[in-house]
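Please find below my comments on the structure, set out as numbered points. They are meant to be read with the model open.

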Amino acid sequence: VQLQASGGGLVQAGGSLRLSCTASGRTFSSYGMGWFRRAPGKEREFVAAISRGGVNTYYADNVKGRFTISRDNAKNTVYLQMNSLKPEDAAVYYCAAGSTALALRTRADYWGQGTQVTVSS
């Protein structure tokens with residue numbers, strides 16, 4: 001699976017961005033999908049994951065209530081809607097695919113390239 005992320009950019013604190021990640025191949029719906037991020041000087045951290053059919057979602061505590069992950073299996077795309085952005089959300093965001101959404105919380109099988117999110121205060 002090849003993953004291509006897009007949608008990053010510069011936004012003011014309190015603003016919104018929507019990230020997209022499109023997968024190649026015809027097996028997209030076989031994978032749990034997720035988003036991770038890495039801020040400068042910090043380790044990569046889990047952000048959100050969604051199950052194969054889109055029914056179950058999981059979020060890191062620090063984004064819960066502000067970020068929403070969704071997927072469109074017909075378009076081979078997973079989204080991350082980010083609202084009420086804070087300066088501490090600034091990072092390179094990576095999409096990932098794994099066997100299940102739960103497994104993605106600690107391990108991904110495939111990674112996309114990152115997309116930069118910058119939040120100005």
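The points below cover one strand and its partners, the largest pocket, and two loop residues.

1. The model is predicted, and the remarks that follow should be read in that light.

2. Strand E3 covers residues 17–23 and is mostly covered, with 5 of its 7 residues buried. On one hand E3 pairs with strand E1 (residues 3–6) in the antiparallel sense, over 4 bridges. Within this pairing, Gln4 has Thr22 of E3 as its bridge partner.

3. E3 also pairs with strand E8 (residues 77–82), again in the antiparallel sense, here over 6 bridges. Ser20 has Tyr79 in E8 as its bridge partner.

4. The largest pocket holds about 150 Å³ of space. It is lined by 13 residues, and those closest to its centre are Arg37, Lys42, Glu45, Asn62 and Glu88. By class, the lining has 9 charged residues, 3 nonpolar and 1 polar.

5. Most residues other than glycine have a negative phi. Asn76 is not a glycine, yet its phi is positive, about 55°. Asn76 sits in the loop between strand E7 (67–72) and E8. Is Asn76 buried or exposed? Asn76 counts as buried because its relative accessible area is 16%, under the 20% cut-off.

6. Ser84 is another residue other than glycine with a positive phi, in this case near 50°. Ser84 is placed in the loop between E8 and strand E9 (91–98). Its relative accessibility is 41%, so Ser84 counts as partly exposed, a class that runs between the 20% and 50% limits.

Key
Residues are numbered from 1 along each chain as its sequence is written. This is a predicted model: local features need pLDDT of at least 70, side-chain atom pairs count only at pLDDT 80 or more; totals for chains, interfaces and linings use all residues. Side-chain values use heavy atoms; hydrogens and water are left out. Buried means under 20% relative accessible area, exposed over 50%, partly exposed in between (1.4 Å probe, protein chains only). Helices (H or I, at least four residues) and strands (E, at least two) are DSSP runs, numbered from the N terminus. Two strands pair if DSSP finds at least two bridges between them. On a 1 Å grid over the protein atoms alone, a cavity is a set of points where a 1.4 Å probe fits but cannot get out, and a pocket is an open set with protein on both sides within 12 Å along at least five of seven lines; lining residues have an atom within 4 Å of a point. Grid points are joined across faces, edges and corners, and a volume is the space filled by probe spheres set on the points. Ala, Val, Leu, Ile, Met, Phe, Trp, Tyr, Cys and Pro count as nonpolar, Asp, Glu, Lys and Arg as charged, and the others, Gly among them, as polar.
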